Every structure is written in C-alpha cells, then in structure tokens.
Amino acid sequence: MSHPVDHHQVAIGSDEPVVVTEVAPEIVVSPAAAKSRSFLGLLKYMVDWYPKSYSALERRTVFKLDCFLLPVCGIMFFLKWLDQSNVNNAYVSGMKEELNLNGNQYSLFGTFYNIGYLAFQIPSLLILSRPHLARYFIPTCEVLWSILTFSQSRMENAATIYGTRFLLGVLETPVASGSLYVLSSWYRPDELYKRAGVWYVCNNAGVMFGGYMQAAAYTNLNGVGGMAGWRWLFIIDGIFSLPIALLGYFIFPGLPASGKPWWLTANQYQLAKKRMNEEGMEDSVKFSKTKIKAMLKRLFTNWHFYIAILTYTFFLSSGYPNGQMGLWLKAENKLGAHWTVPQINTIPTGVSAVSIVSTLLLTSLCMLYPLWVIMSINQAILLFACLCLLIWNIPVALKFLCFYLFGFTAPVTPILIPWVNRILRDDAEARAFTTGAMLTFGWGLNAGFPIAVFPVVEAPRWKKGYATDLAFIFMVWSLFTLGQYLEKRDEKKAARNRVIDEESKFNEEASHVEITKVD
C-alpha cells in the first residue's frame, strides 16, 4: 500500500497552514521473467540474473543479496569443505606413515566427523530458525572451527584425529544445511536454483583447492620449521578461515525476520520481505507446545517428510565421492604405475571440476524443465559410471572417466533441498526440522557406510560398494520422481478446492442479492 506523507505549508495571505499530502511510492513485487526452452533461451536464463521484468528497486535489492548474502554463504561453505577434505589429502601425503595409521582408521576419520555432524543437525537448524539468533549463530560456529583447524596441525595419533573430526562435524553443521535454509528465506523459487548451484559449487571448489594446496604444501613446506607438509596444510587452512569467520559478523544477515541488515535500505528490506511473503514463505513463530505438536503432526502425517528424508539418505551414500580415486591411484603404484604424491592430490580434483560444471548447468535448467527430467538425466549418468566401476575390468581411460562422472552427484543437493524448502514454505519450523532431519538420517547412514561397503583394506576394487551404490542411485531417482508426482497431485487438488470455494462464495453472494431484491 501507498502511505501518505503530510507536509504543512502556509498559504499566501493566510495564517492557516495548508496540508499538502504526498504519496510515497508503492513497493510492488515484480512478476517472474518469461522463460524459453530454446538453446538461446537457456543461455539467456543462465546469465540473466536481473530480469528486465523486475523494477529498478527489485533489481537493486536482488543485486545486493548477490553481493553480500550469497558470497558469505558460499565462502563459508568453501571453507567447510576445504577443512573437511584436507584430512584426506593429508592422509595420502605423509600423515599415514608419520602417525603409523593402519587398517580402517582412515574410514573412521569420516565416521567420527559424521557422528558430530548428524548429532547437531536438527538442533542447529532449529536454532537458526530463531530470528534473534540466526545472524550470529553461523559466524560463531565458524570462528570456533577455525581455531580447531589450527589445532589439527599438532595431531599425534588416531585418537586425537577422531576427537578433532567429531568437534569439526558439530561446528560445521550449520554452514551446510543452514546456508540453504537462509538462502531459501531471501530468494524467490525462480531465483533460488541458480544461486543454490553457485553456492554448492563452492563445496567442489574447496575440495579442488585443497588438493592443490596440499600439493604446494608438500612440495614447498615439507620440513620447514621441523613440520611435515601435511601439518602446514592445516595451518594455512586456519589462516584462510578465521578472517572470513570474523567478517561474517558484519555481513551475514540471518533471516528476513532478524531485522534490516546495514547493506539494505529501508525500501529494499521491505521489498525483500514482501517478495517472500507473496511466495507463501512464512516467518518463524515463537516455540510453544501447541506449535511443536502441530508441526510434528503436519510432518508425520504427510508425504513430504518421508520422501525428503529417504531421498537424501539414499543419495548421500550413492556414488558420493569419498576419496576412492586417490586410493585407486595410490594402489596403482604397487602395480607398476608412477603417480607422485602431488599427482595423487591433484588428479582427483577433476571430479570437483565436473561437479562445478554439472551443478551450474543442471540447476540453471531447473526453472526451464520439470525437476524429474533433470534428476533422471543426472541419475542415469551416475548409474552408468557406477556400473562400469562394478565391472572394473575396463580400459583405464574409461575408468578415469567414470571416477570423474561421479562429479554429477553434486547437483542433487542444490536441487533437492531447495525443492523441499519450497514445498514446506508455509511453515518455517517445519522447513528447519525437515532439512535437519534429512541431513541427520543421511549422514547417520553415511557414518558407517564407508566402513561397511568401501573399507580401505578392499581398495581399490569395491565390489559390494559399487553394487550397493547402484541400488541407492535407483532409489534416489524413484523416490524423487514419486515426490514430483505427489506434489503435482496436491497442486491439482488445491486448485480444484479453490474453484469450489470460489463457486460457493459466488452462489452465496447471488443468493444474498436475490433475497435483498425480494425484501
């Protein structure tokens, strides 16, 4: 609505003030841009982040979100994966030999991380859903994990690695699940998928950068200060992380209900909130027993919760890259190959390169084509790669290709989680609880999955691992497709109910008119 503004002026020849009322400009949400499925239309949609159909105010508002919110979420996610993946790089770069690690201890590094990660998922998302805490929660966790990253340079045995990995899992929890929750609270659905894709490739960039950083540390810092190159990796990592964590206190906006961030004007902030309200995105409400019971009843008696959890749980263990390529290259040396330590660190970064390209491409297609079509193409590629590695006795070039094709696991998260946030947009707490539950169950299975089906002692040919992955990939496709069908069914039912309601209202008004005429 427009708001009148009164200004008092004195008319000539009179002592009486004359009130002149000006109308402030109305804040209007622009319609979504029209989209074309042609090749040129696709290219335009990928690069046009600020459609001409948007007003100047809305373009400026979204631009500021892209300059402040998206980068800080992306950089924090980059650092999370840099921290998480560097233990894998360190393991193949001298840590195994220096600390006398053996057996499946390598797999247990991920297990302890996952235990901490899954234990704090739902609590962290519920904390993040509180507007007065959201703005400071993620930066605080990042400061603490940055300090812990420095301490990893002093690890002396497997037990200290297990402890630090568990704590890192706890502290890094809000960045992964929380970032998408926050992004989906500020961006409209037609804007979110592209930005979720950009945010998610920061994960792959972190893994990729970590491989090159470890190679550089091994080559240039090994022995400096009496420390091995793998120890310097964690110090460098901490130097990157801590300043960014502190910067988060000044830039990260929290939720729209957290209050106006300093980098938005009053009109831009009001528009940002109005945009999401018109999309049906509800703000958080104060917790109460009644609210919690209503939320849980809504989740447990509808399909959304179960489809979301099962799909993500199967996905997280279905061909998800867990360092298999690096272990394969290291094993090849025993068969006569000559891969150096820097090569073992850098060659697998090609998986992350594929992840970046596939994620940017497929998330851009999400608003042009049905989600089930995009997911079907993605899962078909993973099925092919997994089947080839299960056969194993294939040309080396094809084996390299298959490992790289596992990079197509990356687009699943920035497609699946925004979709879940969209179908639960009318309940902020339900969104937070479901997203947290997805990662809790997903990482709960993944905590023991590498040990059970991808044990290091069976490297590099994991028959039961790839056979299990085949079944899981099929389940991801089946469950996601079922979810798409159920969503369309519910939308048609809601549309029919709206028509019935409108007809009933029209008939009631017509009856009232007839009665009035008779009277």
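## Helix H8, burial and cysteines

Helix H8 has these buried residues: Gly 229, Trp 230, Arg 231, Leu 233, Phe 234, Ile 235, Asp 237, Gly 238, Ser 241, Ala 245, Gly 248 and Ile 251. Buried means under 20% relative accessible area, exposed over 50%, and partly exposed in between (1.4 Å probe, protein chains only). This is a predicted model, so local features need pLDDT of at least 70 and side-chain atom pairs count only at pLDDT 80 or more, while totals for chains, interfaces and linings use all residues. Residues are numbered from 1 along each chain as its sequence is written, and side-chain values use heavy atoms, with hydrogens and water left out.

H8 covers residues 229–251, which is 23 residues. At 1.5 Å times one less than that number of residues, the expected span is 33 Å. The end C-alpha atoms lie 34 Å apart, which agrees.

The chain holds 19 helices and 2 strands. These are DSSP runs numbered from the N terminus: helices are H or I with at least four residues, strands E with at least two. Of its 519 residues, 52% are buried. Take contacts (heavy atoms within 4.5 Å) with a separation of 6 or more: 78% join residues 24 or more positions apart. The accessible surface is about 23000 Å², and carbon and sulfur atoms own 67% of it. The area comes from the Shrake-Rupley method with a 1.4 Å probe.

The whole structure has 0 disulfides, a disulfide being a pair of cysteine sulfur atoms within 2.5 Å. Two cysteines are set out here.

| Cysteine | Closest cysteine sulfur | Relative accessible area |
|---|---|---|
| Cys 202 | Cys 73, 9.6 Å | 19%, buried |
| Cys 402 | Cys 388, 3.9 Å | 0%, buried |

Both sulfur distances are too far for a bond.
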